[in-house]
Amino acid sequence: MDLVQLFAALADRTRLRLLNMMDGREVCVCYFVEILEQSQPKISRHLAYLRRAGVVSARREGKWMHYRIERPEDAKAGAILNAALKSLKDDREMQADLARLSKACCEPERFVALQGAPAPAHAS
């Protein structure tokens with residue numbers, strides 16, 4: 001694990017918001033686009049950055065791409081990621097993102113971009 005690459009991945013607010021929404025669950029990219037109100041290519045670039053850093057993995061299901069956090073095997077990297085995720089819990093923007101994610105999961109018909117999208121599931 002390259003700690004410099006990990007710190008660089010954690011040094012962006014959008015990537016932290018993505019990680020916060022993935023903490024404990026697998027999320028379809030369409031939810032990120034809707035909740036963060038950013039373009040799909042921009043979200044995909046951030047997700048690719050997190051994948052290169054080794055903290056996110058992806059899974060395709062039909063036309064849908066699902067993302068989840070991958071805990072690093074390196075103990076130092078894992079501790080850094082866990083500390084970062086824990087520190088996000090009290091941030092109001094992060095809490096608002098989770099509230100929007102919860103609302104989107106319960107009422108996807110209110111979000112045009114989420115029509116037919118699979119709901120986020122707890123990561124295994």
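The following questions and answers test terms used for this predicted model against their definitions.

User: What do the numbering and the confidence limits rest on?
Analyst: Residues are numbered from 1 along each chain as its sequence is written. In this predicted model local features need pLDDT of at least 70 and side-chain atom pairs count only at pLDDT 80 or more, while totals for chains, interfaces and linings use all residues, and side-chain values use heavy atoms, without hydrogens and water.

User: How many helices and strands are in the chain, and what makes a run count as one?
Analyst: The chain has 6 helices and 4 strands. Helices are DSSP runs of H or I with at least four residues, strands are runs of E with at least two, and both are numbered from the N terminus. Along the sequence the pattern reads α-α-β-α-α-β-β-α-α-β.

User: Why are strand 2 and strand 3 called paired?
Analyst: Pairing takes at least two DSSP bridges between the strands. Strand 2 (residues 56–61) and strand 3 (residues 64–69) are joined by 6 bridges, so they pair, and they run antiparallel. Val56, for instance, has Ile69 in strand 3 as its bridge partner. The two strands form a hairpin with 2 residues between them, and Gly62 in the turn has a positive phi of about 65°.

User: What makes helix 2 "mostly covered"?
Analyst: A residue is buried under 20% relative accessible area, exposed over 50% and partly exposed in between (1.4 Å probe, protein chains only). In helix 2 (residues 13–22), 9 of the 10 residues are buried, among them Arg15, Leu16 and Met22. For the whole chain, buried residues make up 42% of 124.

User: How do you know that helix 3 is largely enclosed?
Analyst: Of the 8 residues of helix 3 (residues 29–36), 6 are buried, so the rest of the structure largely encloses this helix. Those buried are Val29, Cys30, Tyr31, Phe32, Ile35 and Leu36. Glu37 follows helix 3 and has a positive phi, near 55°.

User: Why does the Asp12 contact at the N-terminal end of helix 2 count as polar?
Analyst: The limit is 3.5 Å between N or O atoms; within protein, one must be able to donate a hydrogen and the other to accept it, and residues adjacent in sequence count only if both atoms are side-chain atoms. A side-chain oxygen of Asp12 lies 2.9 Å from the backbone nitrogen of Thr14, so the distance is within that limit. Asp12 caps this end of helix 2.

User: Why is Arg15 said to sit over the ring of Tyr49?
Analyst: The rule asks for NZ of Lys or CZ of Arg within 6 Å of the ring centre and within 35 degrees of the ring normal. The charged end of Arg15 is 3.9 Å from the centre of the Tyr49 ring, so the distance condition is met, and the contact is listed as sitting over the ring.
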